[in-house]
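Me: Please walk me through this structure. I will ask short questions and would like short, reasoned replies.

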Amino acid sequence: MLHRIAVAPKIPDARAGNYLRHLQSVFPSSGLRAAFVVQAYTVSAKLSEEELKLVAEALTNPLTEHFSLDTVPAPSSYTHVIEIGYLPGVTDNVGHTARETIEDKTDRAFKAGEAVYSSFYIFLDGDIDGAEAERMASEIHNPLIERAHIYPRGAELPIIAPRVELHGSIAAETVDLQMSDEELERIGLEGISGSNGVPRGPLALSLKQMKVIRKYFEKEGRSPTDIELEALAQTWSEHCKHTIFSDPLDEIKEGIYRRYIKGATAKIREQQTENRKQKTDDFCVSVFKDNSGAIRFDDEYLVTHKVETHNAPSALDPFGGSVTAIGGVNRDCLGFGLGAKPIANTYGFCVGEPNDERVLYRDPPSPKASEGQGKERKHPMLSPRRILEGVVKGINVGGNQSGIPTPLGFVAVDDSFRGKPLVFGGTVGLIPRKSPAGSRGRPRKLYEKRAKVGDYIIMLGGRVGLDGIHGATFSSESLSKGSPATAVQIGDPITQKKFADALIREARDQGLYNSITDNGAGGLSGSVGEMARESGGCEVDIKKVPLKYPGLAPWQIWISESQERMTLAVPKSKWPAFKKICERHGVEATRIGNFTRSGRCVVRYDRKKVMDVKLDFLHEGRPIEKRKSKKPGSSGQRTVYGKRGAADAGRLQADVLKLLARPNVGSISFISQQYDHEVQGTSVTKPLHGKGRVNADAGVMRPVHGSHKGIVLSHGYCPWYSQIDTYAMAAAAIDTAVRNAVCAGASLDPKEGGLAILDNFCWSSSEKPERLYELKQAAKACYDTAVRYGTPFISGKDSMHNDFKGFDADGKPVHIAALPTLLISAIGVIHDVAQAMTIDLKRAGDALYLVGETRDEMGASEYLAMLRVAGGEVPAVDTKKNAKAYRALAKAIRSGLVASAASVGRGGLAVALARGCIAGQMGASVDVSKIPGSAKQAESILFSESQGRVLVSVREGNEKGFERLCKGLHFARIGQAGGENLSIKLPDQRLELSIPALSDSYNSYFKNW
């Protein structure tokens, strides 16, 4: 029986106010005057009237809310009401929490088929018609995962239960691969056809791979089952195997990952140990072999770091995609060794221009597309504004609701991210080196793990549904109409927080499991398949896997990427104690099989074997693709950019203010103010620096209470440079991350803590030889730059298909390829967090220094992008000079000589000066007419983005000490802090910019978000 509990506010409601302001801003000409929101819970369970009242009281705050049963309280005046809830099968976290509340209050568990579904009603009042109400509904819900029903005033509001009803076969099906190459290729591209003849979704398998699979099963004497094909597709996917990075490319037989990324770390570690008698300066502990990378924090702890992307799902459902991004990387942290505690999250959003209102469709173009006729208009892409709003909310919910602070992040805007955004999520973890006691009373290394023969296979956390089907293979293709809605998962941070506490606080240190990993890409197929390599085999009964709803086929259960799940290897003798801990924390833990030494992955469903594949073939059977690259032809991008005539002071002052108002330079405090960075009480520096609250380029944390040691986090990215030179782009990304970290207090010297880095490549059109050449150049730059700085890679990830293919509102085909992008994340350890630096000017009279050379390197700069001018020289990185400067700066900071340090990055020196003044709410007087370097023109001096430069303020009396440490470097004392304006003397003019004007421009772009 269905019941509805409706909870309405008795006082002014903030949620209704937010919807009202949002809709009025999006539809400024509408007659909307007021909004009223009612929360609803649809209960599909047999409850008495007394029980319903008891439950409603528990779901209502009597001071601010009132409830009604079955009816919906409505305001006295409204014209339309919109009900918004999730579509059938989409994870409903609010509904889950309400169900737990009902079970607690009634003291009974729900039966199979019983559930609670959440929705909300928004009553709209004003002079709006039905068409306007429909447009407003489309603005506040995502049809990919949500349903919206619109009713006029006085209409009956039906009780809707979005149940999942599956009618397909729940048995494994045999797939006959004895067919033509054309048919074989079609299956690899579109997927296995269901009983209705419609393909299930992409396998992302090439014809060559399909033939290898056919040959394997011919030797086995049978045809594969659908679950076997799906598992092979998941395991061999670009997303999981990183085939482009791993396969031979040109003369690089071992692949660019092994040569340039893994090779750089090996070279650095070798150098660090060769030059010293002891190996204590090799601070790397675990690299490239676990869910995260780890470095030494101190004698008792390690710190871990991992950054992932979730680009394609975030394009379809920004909220769900980013929740999954941060939830998944949180589980990568929990899956490191025997479980690291997540202590910080980071984020990065590369999106299209938020004000771009163009409509794009994922539908295929019609044969008459050249005539402007679209075949379909059923799959519109979300606007960049909706995407940015959604990913911001998703990272917030996914991270902060799990009790993890978010101290650092960025937003990058470019038209190339209009089709497919890049959404980065990172997690830092803390793990003791050893447990208090192992199974025999001896401590064990917590950063090592191995499933043993006979261990139970345990699935922990959430249940399995259709969400996440084909997530791994979907991420290995371009975004198009064929992109399945089921590839988007909705995470449940509350469930994840509960099992994280059960693991980290109890089970881990009691030695109750031998191995652990997360159910990320490929779900059980990925996690069990990987862990089976540790023991030598596995046998699983997926009929035992807990489901969200009945009717899932074996292949769906096996590859579903439903969130908040981990897989563990639990010894038989430890299972009762482990299960008891899980029950106490309210976490579902289910035994679904055993680890074996059979050399095979065996899966049964209802006692029938549905998968039996050799582990060697599953993991190593993929045919190697030998790839060839081709150097792109000259694009003309290196031509000298056009001049606009003499740069007078008035125009340059206006240019500085315009630059500060751009989204790639200006404030993103609207994000920083939403995200909790103080939970866990570890923050030292904050996401916003100084009185003026300027966004930080790095963050410093103190993860172990009672210790003075800290962690420095930073990042570097400059995708715009890849338009001209991807080698320079990659080198600049590393240089920026290193420079930002050193400015915050880190050091390149391993004895002082050292710096490690992570790489996240996001490429597009990766099948093109020219783009592969650019990828190879970027990877080579990673090796060259990292080795020279001594910053080893400890982890990384790549996403190779960041393309959008569809058509525009006129029916014309559209292909948008994201700029080749490399995000470098840096993590380092500092011995005393009291030495942490911020960017704000501190005191009038402090001397200002510019360290580093300024050259005429304006190519792909923010300044030229503002002018819509192409060409120029892209910034090059001089690692020898820069490393020397960074070591001197680190020593000056440790010596207490420095009051502030700011990296000179996007926007150049003018922006760095402005940010320091805004942050400190203090002026400065500087003379930059004779700074080191070849830049002589005013525009180059102000806006060049030459790498390796730092703006430093030094307290009075410390100038000689600072200059002594900088001896042999390119540096100049350029002025001092103080006054009400930023005064900049150039070769032929002087700029005067007031602090209020600078602050207003800096905060203008996202002011109303």
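**Helices, strands and cores**

Reply: Helix H23 is mostly covered, with 15 of its 21 residues buried. Buried means under 20% relative accessible area, exposed over 50%, and partly exposed in between (1.4 Å probe, protein chains only). Helices (H or I, at least four residues) and strands (E, at least two) are DSSP runs, numbered from the N terminus.

Me: What are the ground rules for this model?

Reply: The model is predicted: local features need pLDDT of at least 70, side-chain atom pairs count only at pLDDT 80 or more, and totals for chains, interfaces and linings use all residues. Residues are numbered from 1 along each chain as its sequence is written, and side-chain values use heavy atoms, with hydrogens and water left out.

Me: How far does H23 reach from its first C-alpha to its last?

Reply: H23 has 21 residues. The expected span of a helix is 1.5 Å times one less than its number of residues. For H23 the expected value is 30 Å, and the helix comes close to it, reaching 30 Å.

Me: Which residue just after H23 takes a positive phi?

Reply: Look just after the end of H23. The phi there is positive, about 70°. The residue is Gly790.

Me: How far apart are the end C-alpha atoms of H25?

Reply: Helix H25 covers residues 879–894, which makes 16 residues. At 1.5 Å a residue, these should span 22 Å. The model agrees, because the end C-alpha atoms are separated by 22 Å.

Me: Which elements do the buried residues of H25 pack against?

Reply: The buried residues of H25 include Asn882, Tyr886, Leu889 and Ile893. Contact means heavy atoms within 4.5 Å. The packing partners are helix H22 (726–744), helix H23 (769–789), strand E30 (847–851), strand E31 (898–903), strand E33 (950–954) and helix H28 (959–965).

Me: Which element gives the largest share of the largest nonpolar core?

Reply: A nonpolar core is a set of buried Ala, Val, Leu, Ile, Met, Phe, Trp, Tyr and Cys residues joined through side-chain atoms within 4.5 Å. The largest has 107 residues, and those with the most contacts inside it include Phe761, Leu775 and Ile827. Its largest share is 13 residues, from H22.

Me: How many residues of strand E29 are buried?

Reply: E29 spans residues 821–830. Thr821, Leu823, Ser825, Ile827 and Val829 point one way, while Leu822, Ile824, Ala826, Gly828 and Ile830 point the other way, and all are buried. The count is ten of ten.

Me: Which residue of E29 is the bridge partner of Ala756?

Reply: Two strands pair if DSSP finds at least two bridges between them. Strand E24 (residues 710–716) runs antiparallel to E29, joined by seven bridges. Strand E25 (residues 755–762) is also antiparallel to E29, with eight bridges. In E29, Ala756 has as its bridge partner Ile827.

Me: Which residues of strand E32 point to the buried face?

Reply: Side chains alternate along E32 (residues 924–927). Ser925 and Asp927 point to one face and are not buried. The buried ones, on the other face, are Ala924 and Val926.

Me: Which residue in strand E35 stands opposite Val926?

Reply: E32 pairs with strand E34 (residues 971–977) in the antiparallel sense over three bridges. With E35 (residues 981–985), E32 runs parallel, joined by four bridges. Opposite Val926 stands Ile984.

Me: Which are the edge strands of the open sheet E11-E27-E28?

Reply: This sheet has three strands, with antiparallel pairing. An edge strand here pairs on one side only. The two are E11 (360–361) and E28 (813–817).

Me: How many disulfides does the structure hold?

Reply: A disulfide is a pair of cysteine sulfur atoms within 2.5 Å. Cys350 has its closest cysteine sulfur in Cys762, at 7.4 Å, so a bond is out of reach. Cys601 is in no disulfide either, with the sulfur of Cys538 nearest at 3.6 Å. The number is zero.

Me: Is Gly633 buried or exposed?

Reply: Gly633 lies in the loop between helix H19 (615–620) and helix H20 (649–660). Its C-alpha is 8.7 Å from that of Glu770, 137 residues apart in sequence. The relative accessible area of Gly633 is 62%, so this residue is exposed.
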